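Visitor: I'd like to learn how to read a few features off a model. Can we take them one by one?

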Amino acid sequence: MNPDAAPPKLALSGVTKGFDGKQVLRGLDLSVGRGESVVVIGGSGTGKSVMLKCILGLLQPDGGSIRVDGRETTRLSGSDRTVLLRQFGMLFQGAALFDSLPVWENVTFALIQRGVLTRKQARAAAPEKLAAVGLRPEVAELMPVELSGGMQKRVALARAIAAEPEIIFFDEPTTGLDPIMGDVINELIVSCVKKLGATALSITHDMASARKIADRIAMIHEGRIIWSGPADTVGDSGNPFVDQFVNGRAEGPIRMPVTKRFG
Amino acid sequence: MGFVTAVGHAFLEFVAAIGRISLFAASALSHCLRPPIHVRQLARQIVEIGYFSLPVVGMTALFTGMVLALQSYTGFARFNAEGAVATVVVLSVTRELGPVLAGLMVAGRIGASMAAEIGTMRVTEQVDALTTLSTNPIKYLVVPRLIAGVAMLPVLVLIADVIGVFGGFVVGVYLLDFNPASYLRATWEFLEPIDVISGLIKAAVFGLLVALMGCYQGYQSRGGAQGVGRATTNAVVSASILILLSNYVMTDLFFS
């Protein structure tokens with residue numbers, strides 16, 4: 001190993017996390033290079049969202065190491081964590097827009113709170129931020145409740161990238177959208193990440209979305225990464241777990257906890 | 001044995017809940033003392049608590065003062081002490097009924113609304129979104145509510161005191177045929193500053209308790225709409241009980 005090589009942007013090693021005696025992450029290892037777009041696929045309840053929340057410090061991992069730019073982050077205090085999070089942007093599964101604030105204030109929230117822009121400047125800057133995700137300027141004055149699901153996702157994407165973060169997380173970006181709007185969001189994610197030169201980590205169980213936005217795909221199963229490879233090799237990974245997931249088969253090594261009450 | 005185990009579990013859960021609330025309160029109060037304060041959020045909460053609670057607190061105080069005058073008159077008539085009605089009304093309103101009833105009404109209106117708003121933000125990941133936008137949720141959501149609660153409840157109670165005494169005056173003069181000047185003189189004669197000040201101090205404590213329980217229950221809510229509903233109920237019930245409990249303790253401290 002070259003000692004002068006830059007550390008990966010994100011490196012998780014042996015991360016564990018459990019809730020009420022149920023172990024969700026069981027020694028998860030994952031590395032994301034600078035400017036790389038990694039998509040983690042896996043079924044419901046396998047620990048995808050918990051992994052993201054541990055990286056962001058929303059959950060405290062029970063064990064293991066999480067490094068950002070080579071710096072250990074699992075024990076960061078409140079103010080250090082706040083500074084670290086300035087590098088991050090996140091698109092939440094349900095958009096998580098602040099429903100008491102208009103769209104323009106949602107989009108420029110981080111810039112206002114960090115003192116980068118005054119409220120007046122932020123209001124003026126919002127249409128440009130919205131244009132980056134294909135939304136018209138008049139949307140800026142609407143409240144989140146007045147938007148469709150697809151528009152909410154776009155506004156949430158605009159909010160996630162408004163402060164030009166170095167690392168962006170996408171939590172199930174296409175869930176709940178029709179296939180066309182899902183593809184629009186995927187295209188926007190690809191173009192925004194490329195434009196910013198950001199590192200992206202996404203979690204999804206939508207294979208079309210994963211193939212579109214990933215440089216590399218990793219599969220999580222029972223709290224561990226069980227396979228990782230270039231996005232174009234996911235179809236012939238040779239891993240029976242990945243094959244079953246990618247092809248959406250009920251039969252295979254992944255057993256779903258379903259009780260049959262018929263037949 | 002099963003009964004003992006159940007009682008033990010309930011006791012341990014109670015102690016753990018007190019610990020969680022204490023930690024939450026300590027964190028929130030320490031943030032109250034450190035800048036920055038989100039001024040727009042604070043202004044919004046001051047309007048929400050102080051202005052929009054005024055009708056319900058005013059109506060409560062008015063009818064309480066009227067009922068007090070009526071009840072004390074019919075009661076005191078049995079031993080020819082009708083002249084004490086004005087004094088009883090003003091002391092009861094300023095010392096006890098003004099702050100306690102205002103606190104309970106605000107707990108029902110504001111405590112529930114705080115728990116529902118923060119609880120909904122919690123279950124829809126808006127609280128997590130605040131954190132990812134490098135904004136401390138305690139500072140942004142909880143601190144303005146606590147400061148507004150502590151600042152506005154005394155103002156509401158001061159207004160409630162005036163309205164309550166006015167309610168007693170209206171019944172005394174127009175229904176019970178007291179002389180207006182005599183009624184007002186009796187009201188002022190035995191009223192001491194401590195009667196009003198103790199009520200205002202109680203109100204500030206009640207404001208803190210209402211805001212704290214509303215924010216805590218909302219912040220801890222889990223599990224969708226059902227969780228938010230449970231948080232709302234818990235916020236009102238716990239704030240109401242704490243108001244009554246702390247009222248006894250403070251009355252004992254002030255007047256015994």
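**A loop residue, then helix packing**

Guide: Sure. In this predicted model, start with A:Glu36, which lies in the loop between strand 2 (22-32) and strand 3 (37-41) of chain A.

Visitor: Is A:Glu36 buried or exposed, then?

Guide: The cut-off for buried is under 20% relative accessible area. A:Glu36 has 19% relative accessibility, so it counts as buried.

Visitor: Which side chain does A:Glu36 reach with a polar contact?

Guide: The side chain of A:Arg216, at 2.7 Å. If you skip the neighbours within four places in sequence, A:Glu36 also touches A:Ser31, A:Ala198, A:Thr199, A:Ala200 and A:Asp215, besides A:Arg216 itself.

Visitor: On to chain B. How many helices and strands does it have?

Guide: Chain B has 9 helices and 0 strands, so to speak an α-α-α-α-α-α-α-α-α run from the N terminus on. Its C-alpha trace spans about 65 × 55 × 30 Å along the principal axes, and 47% of its 256 residues count as buried.

Visitor: What share of the contacts in chain B with a separation of 6 or more comes from residues 24 or more positions apart?

Guide: That share is 85%.

Visitor: How do I describe two helices that pack together?

Guide: Two packed helices are described by the angle between their axes and the distance between the axes. Try helix 4 (residues 85-123) and helix 7 (residues 180-189) of chain B: their axes come within 8 Å and cross at roughly 50 degrees. That angle makes helix 4 of chain B oblique to helix 7 of chain B. The crossing of this pair is right-handed.

Visitor: Which residues meet where helix 4 of chain B packs on helix 7 of chain B?

Guide: From helix 4 of chain B you get B:Val85, B:Ala86, B:Thr87, B:Val89 and B:Val90, and from helix 7 of chain B they meet B:Tyr183, B:Ala186 and B:Thr187. By class, the residues of this contact are 6 nonpolar, 2 polar and no charged.

Visitor: And how do the axes of helix 4 and helix 8 of chain B cross?

Guide: Helix 8 covers residues 193-220, and its axis comes within 7 Å of that of helix 4 of chain B, crossing at roughly 15 degrees. Angles under 35 degrees count as roughly parallel, and helix 4 and helix 8 of chain B are therefore roughly parallel to each other. Helix 4 of chain B passes helix 8 of chain B in a right-handed crossing. The contact between these two helices has 15 nonpolar, 7 polar and 5 charged residues.

Note on methods. Residues numbered from 1 in each chain as written. Chains lettered and ligands numbered in written order. Predicted model: local features only at pLDDT ≥ 70, side-chain atom pairs only at ≥ 80, totals over all residues. Heavy atoms only, no water. Axes fitted to C-alpha atoms, helices over the stretch in contact; angles between N-to-C directions. Helix = DSSP H or I, 4+ residues; strand = E, 2+ residues; numbered from the N terminus. Parallel < 35°, antiparallel > 145°, perpendicular 65-115°, else oblique. Left-handed = near helix turned anticlockwise from the far one by under 90°. Contact = heavy atoms within 4.5 Å. Nonpolar A, V, L, I, M, F, W, Y, C, P; charged D, E, K, R; others polar. Buried < 20%, exposed > 50% of the residue type's maximum accessible area, 1.4 Å probe, protein only. Polar contact = N/O pair within 3.5 Å; in protein donor to acceptor, adjacent residues only side chain to side chain.
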